[in-house]
Structure formats: C-alpha cells, structure tokens
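Got the viewer open? Take a seat and let's walk through this one together, one selection at a time.

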Amino acid sequence: MSISLTDARNLFTKKLIAVYKEKSTPKSFLRSFFQVDEGMTKEVSIEVQRGTEKVAVDVLRGTDGNRNTMSKSTEKLFVPPLYWDYIVANDHRLYDVAIGSQSADAISILASELADEMMMLKDKQERAYELQCSQALTTGIVQLEASTDIDYKRKALSLVDTSGATPWTTGTVDPTAQLLEGCNFLRQVGKSEGATINCIMGDVAFGAFINNTIIKERGDIRSFNLLGIREPQRNSVGASLHGQVACGSYMVNIWTYPEYYDTAAGVSTPYIDPKKVILLPEAPKFKLSFGAVPQLLDGSAPQKGAYMISEYFDSRKVAHEMHIKSAGVAIPVAVDQIYTRKVIA
C-alpha cells in the first residue's frame, strides 16, 4: 500500500509513540524505596521538620498549661540533574527503505525498531536513577558528572565502619547485635515506624553473615513469604529475599541485590558495596522527584512526566533525531532513616 510522505510521517510518529507506551518500565529494587513525585518546575522542593516523641506532662488544676513552641520547617530546593540522550533516526538501516517505499508495513517495522532503541536510552537513564538511590543509601552523596554533587549531610552515627575492630568474619562477633544498633538508630533518631526493618547486604557481607559462627549456631534465619512484603519491594526485579532474623525486638528482612551497572569506562560495578549493609524502615520517607526538562512553548502544551520524548528535524544536517530527556533526583527526605555499616575489612 502506497501512502503520501505526509501520511508516512504521521503514521511513523503515531506508531513510534504507541510502541513506546507498550513497553514496560524496568523495575528497580533501590528505587522501590523512593516515592515518585513529578512536577512542572525546574527546581524541586521538600519541607523538612524534625519530629519528636515527647510525652505530655500533667499540670495542677487551676494553673496555666504548659506552653509549647514548634520548630520551624525548612524548605530545601534542588535542581535535578538533566539526562538527555538521542539517536539519529535516518541512520537506521530501514529508514530510507520505509520512506522511499512509503509502505505502511515498512514504516511500522521501522517505528517498532526505533522504539526499542529509544527504550535502550531510557534504560540508561533508569540505571542513573538507580545509581543515585544507591549513593544516597550508601554515602548520602549523589555524585554527578556535569553538576555539583548533592550532599544530604547524613549523621556520622548513620555511617559506621566496624570492619577493622569487629568484622563479621570473626567467630565471636554477633552480627545481629550490630544490626540491632542500626535498628535502634532508625527508631530513635530516624523516628521510623514499625518494628520490621529491611536490610540490604552486599555479597561479601552476606557470605560472612550466613557463615558466621554465632549465626550458624542460632540457626534462626526464618523463611518468609513475599506476600508479607510491601508491594513496591515485592514487585521489584533483581533482589533476593533470604528470610528474616530476630534482632532484639525487631524483625529484619535480609535482602541481597546482585545487580550491576557499567561505568563510562566500561567497568561492571555493583550497586551495593559488597562489604556493607544498609538498614531501612519498611516505608521510609524518600522521594524520587522529577522536575521539568528544557522545552519550548511553541503552541503545544508543555509536557509533564519523568521522561519526555521528542522529535527534531535538522534540515541543514539532514538529520531526523529522536530525543529522550529526564530531570530527576533521589532525595532521602527523612535522611536519618538510613543506616549504613561496613562489616568486612
């Protein structure tokens, strides 16, 4: 079937968008702890106010009550880093064939293959956000290439290194006692709710944990049904739930996350430091906030969302480009609801 060039372009664009929307979004374990928030401003903001657990004190009847003053909330503004990737559509092997033949079938195949390539670019940006979450949970500093690093100023008590003095490979060291310290930090300092804690262990740390003499003697790593896990973590891909262990009055879910990303130099790197463990509440107050990406008000409505797909025709370079932009940042709003410990030297 032959169609006009104008119809071919319209068909191509509509087909590309349709195929793109049918693709499922890659699920990421670390991102599952961050609630997605999308805005239409360049900057994203959060309101922070320290909570307390003070107990009311009774007063003598007929006297004045206790006067209370509330701490001020602080607004923090962040400019999310911009991710921008594109491909040149007319570099594709089928582009000239589809446009030249003006065949609906050829255009459909071309649109489908280009949509797959666009999804590869989107996956790159998804991995960047997973890395942001990893850095926030490991060090509290999101490291950026073209922008200034974002330091969330985590407390020193939430970044502990006992790998030299009391590593988990020592038979007399009880890992659950160290995990209990982290649970108490989340509850007392981070004001987390609930007595169930998630623990993400690096590969080396997990090996030392299950081979630890005290853990093997206790043998109390209990199997646990995934249906009891919160939906975001239950539906995420890549993480393994090994069971539960009792740490004082807390129940700790033991996770590993053997996933990797490739650096710009091509080095395969784990998202979780192999020698560290990360403790988080069941429902931490974290956000993955998306701001607006650069776009022109050319008569069409501005696009809102985590990702923006656009086409660009450069007549001078004879280029038909397909762009994907995203501007997001992982923000641990309740920064004290993270506890990281290095347990292996």
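What follows is a short tour of a predicted model, with a selection to make at each stop.

**Stop 1: the main core**

Begin inside. The largest nonpolar core has 44 residues, so select the ones with the most contacts inside it: L30, F34, L137, Y152, I200 and L280. Now colour the elements that each supply at least two residues of this core: β4 (82–88), α3 (104–138), β13 (276–281), β14 (287–290) and β16 (319–331). Which of them gives the most? That's α3, with eight residues.

Stay with L30 for a moment and show what surrounds it. Not counting residues up to four places away in sequence, L30 touches E130, C133, S134, L137, I200, Y257, Y271 and I272. Apart from this core lies another one, of 24 residues; to find it, select W168, C199, F206 and Y339, which are among its members.

**Stop 2: helix α5**

You've just picked F206, so go on to its helix, α5, residues 203–210. Which residues of α5 are buried? Select A205, F206, A208 and F209. Look down the axis: these four cover an arc of only 160 degrees, which puts them on the same side of α5. Next, bring up what covers them: the list includes α4 (175–188), β8 (196–201), α6 (213–218), β9 (240–247), β10 (250–256) and β13.

**Stop 3: a patch on the outside**

Time to switch to a surface view. Select L82, W84 and Y86, and you have a nonpolar patch on the surface, with about 330 Å² of accessible area together. Y86 belongs to strand β4, and its relative accessibility is 45%, so it counts as partly exposed.

**Stop 4: charged pairs**

Side chains of opposite charge can pair when their charged atoms come close. The structure holds seven salt bridges, and three of them make good stops.

- Select R31 and E126. Their side chains meet in a salt bridge, 2.1 Å from N to O. R31 is in the loop between α1 (5–22) and β1 (35–38) and E126 is in helix α3, so you're looking at a link between distant parts of the chain, 95 residues apart. Buried or exposed, this R31? Buried, at 14% relative accessibility, and E126 is buried too, at 3%. Add K122 to the selection: R31, K122 and E126 are linked in a network of salt bridges.

- Now try D336 and K155, whose side chains meet at 3.0 Å, N to O. D336 lies in the loop between β16 and β17 (339–342), and K155 in the loop between β6 (150–151) and β7 (159–161), so this pair ties together parts that are 181 residues apart in sequence. D336 is buried, with a relative accessible area of 5%, whereas K155 counts as partly exposed at 32%.

- Last of the three, select E181 and R341, a salt bridge of 3.1 Å from N to O. Here the link runs between helix α4, home of E181, and strand β17, home of R341, and the two residues are 160 apart along the chain. E181 is partly exposed, at 46% relative accessibility, while R341 is buried, with a relative accessible area of 4%.

**Stop 5: P167 and a far-off partner**

Move to the loop between β7 and α4 and pick out P167. At 11% relative accessibility, P167 counts as buried. Add A345 and draw a distance between the two C-alpha atoms: they are separated by 6.7 Å, with these positions 178 residues apart along the chain. What else does P167 meet, leaving aside its neighbours within four places in sequence? It is in contact with T162, V173 and V343.

**Stop 6: two lysines with positive phi**

Finish with the backbone. Select K153, in the loop between β6 and β7. Its phi is near 55 degrees, a positive value in a residue other than glycine. K153 counts as exposed, at 63% relative accessibility.

Then jump to K191, in the loop between α4 and β8. K191 has a positive phi of about 55 degrees although it is not a glycine either. As for its surroundings, K191 counts as partly exposed, at 30% relative accessibility.

Note on methods
Residues are numbered from 1 along each chain as its sequence is written. This is a predicted model: local features need pLDDT of at least 70, side-chain atom pairs count only at pLDDT 80 or more; totals for chains, interfaces and linings use all residues. Side-chain values use heavy atoms; hydrogens and water are left out. A nonpolar core is a set of buried Ala, Val, Leu, Ile, Met, Phe, Trp, Tyr and Cys residues joined through side-chain atoms within 4.5 Å. Buried means under 20% relative accessible area, exposed over 50%, partly exposed in between (1.4 Å probe, protein chains only). Contact means heavy atoms within 4.5 Å. The arc is that of the directions from the helix axis to the C-beta atoms. Patches are made of residues with over 30% relative accessible area and no salt bridge: like charges are joined within 9 Å, nonpolar side chains (Val, Leu, Ile, Met, Phe, Trp, Tyr) within 5 Å. Accessible areas come from the Shrake-Rupley method with a 1.4 Å probe; for residues, only the protein chains shown count as cover. A salt bridge is a side-chain nitrogen of Lys or Arg within 4 Å of a carboxyl oxygen of Asp or Glu.
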